[in-house]
Amino acid sequence: MNLGEPEDRSVAAGEYVLGTQDAEARAAFEQALAADAALQAEIYVWQDRLLGLVGRVAPAEPPLQMWPQIEAKIAAPVIAPRATGVPMPGTDTARPSANDPLWRRLRRWQMTGGLAIAASLVLASLLVLRAPAPAESQRYLAVLQSPDLTAGWVVEASARGGVRLVPVGTTAPVPPGKALQFWTKPLGAAGPTSLGLVRPGQVTELPAARLPALGEQQLFELTLEPETGSPIGRPTGPILFVGKTVRL
């Protein structure tokens, strides 16, 4: 897989979040991830996308006649495939491996189907069961989307590391005489707080002290304002991108 290709980068990030990479691919991906801010943003987009599916999945009770089959599957010994990729006797040859080209193509176009929903439940369970981190080290993530639900920016924030606003994808240019203004509104706050003007397509970093508070479901947005910013201390122009935080 070529991480220089946009489609391959997106697929690799999705595989990483879903946990379907083998040990070698995962190690190589994490090595690239450490020095690639845009690839990190892809991870955040997939995390937010998959976790958002959890609330849409209704509980399902398997039919009674399926329980014996489920119990038999659980009790059956696990047979690992050979490193060569040739299935061992007793394995399911109809099921492609996580890194099989056909499986990658299917996931590229259908990743938000049943597999993604199931994976999102696993990810959500891990987040719930994980021991809570100290408040100063808790990290929050928000994907800011346009009215047509296109992801344009990612916000990563923590009390220790501050706020980082990262552009993703391509956005429309700002009209002459206008500027993008960054705002936040914690859950329950009376109104938004300005975090200043930002340059289109550039990463913006701010100290945590600029935030009125930091927590889950905190709103972050970008609005179109006069080139010197809103003259009244609250948004006056249209909301171009908006999103709420989830705790990582």
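Let's start with Q138, which counts as buried at 16% relative accessibility. By buried I mean under 20% relative accessible area, with exposed being over 50% and partly exposed in between, using a 1.4 Å probe and protein chains only. Q138 sits in the loop between α6, residues 114-129, and β1. Its side chain makes a polar contact of 2.9 Å with the side chain of Y140. A polar contact here is a pair of N or O atoms within 3.5 Å; within protein, one must be able to donate a hydrogen and the other to accept it, and residues adjacent in sequence count only if both atoms are side-chain atoms.

Quick word on what we're looking at. This is a predicted model, where local features need pLDDT of at least 70, side-chain atom pairs count only at pLDDT 80 or more, and totals for chains, interfaces and linings use all residues. Residues are numbered from 1 along each chain as its sequence is written, and side-chain values use heavy atoms, with hydrogens and water left out.

Okay, the overall picture. The chain has six helices and nine strands. Those are DSSP runs numbered from the N terminus: helices are H or I with at least four residues, strands are E with at least two. Of the 248 residues, 30% count as buried. The chain exposes about 14900 Å², and carbon and sulfur atoms supply 58% of that; the areas come from the Shrake-Rupley method with a 1.4 Å probe, and for residues only the protein chains shown count as cover.

Now, α1. How many of its 13 residues are buried? Ten, so α1 is largely enclosed by the rest of the structure. The buried ones include D8, E15 and Y16. At 1.5 Å a residue the helix should span 18 Å, and its end C-alpha atoms are 18 Å apart, which agrees. That expected span is 1.5 Å times one less than the number of residues. Right after α1 comes G19, with a positive phi near 80 degrees.

One residue in α1 to click on is R9. R9 is buried, at a relative accessible area of 14%. Its side chain is joined to the side chain of D36 by a polar contact of 3.1 Å. Leaving aside neighbours within four places in sequence, R9 is in contact with N2, L3, G4, D36, A38 and L39; contact means heavy atoms within 4.5 Å.

On to the nonpolar cores. A core is a set of buried Ala, Val, Leu, Ile, Met, Phe, Trp, Tyr and Cys residues joined through side-chain atoms within 4.5 Å. The largest has 18 residues, and F29, L33, I43, L141 and V154 have the most contacts inside it. α1 (6-18), α2 (23-33), α3 (37-51) and β1 (139-145) each supply at least two of its residues. Which element gives the largest share? That's α3, with six residues. There's also a second, separate core of 16 residues, which includes L144, A157, L165 and L206.

Last stop: S194, in strand β5, residues 193-198. Buried or exposed? In between: S194 is partly exposed, with a relative accessible area of 29%. Its side chain makes a polar contact with the side chain of Q181 at 2.8 Å, and the backbone nitrogen of G196 lies 3.1 Å from a polar atom of the S194 side chain. Beyond four places in sequence, S194 is in contact with Q181, F182, W183 and R210. And S230, 36 residues away in sequence, is 8.9 Å from S194, C-alpha to C-alpha.
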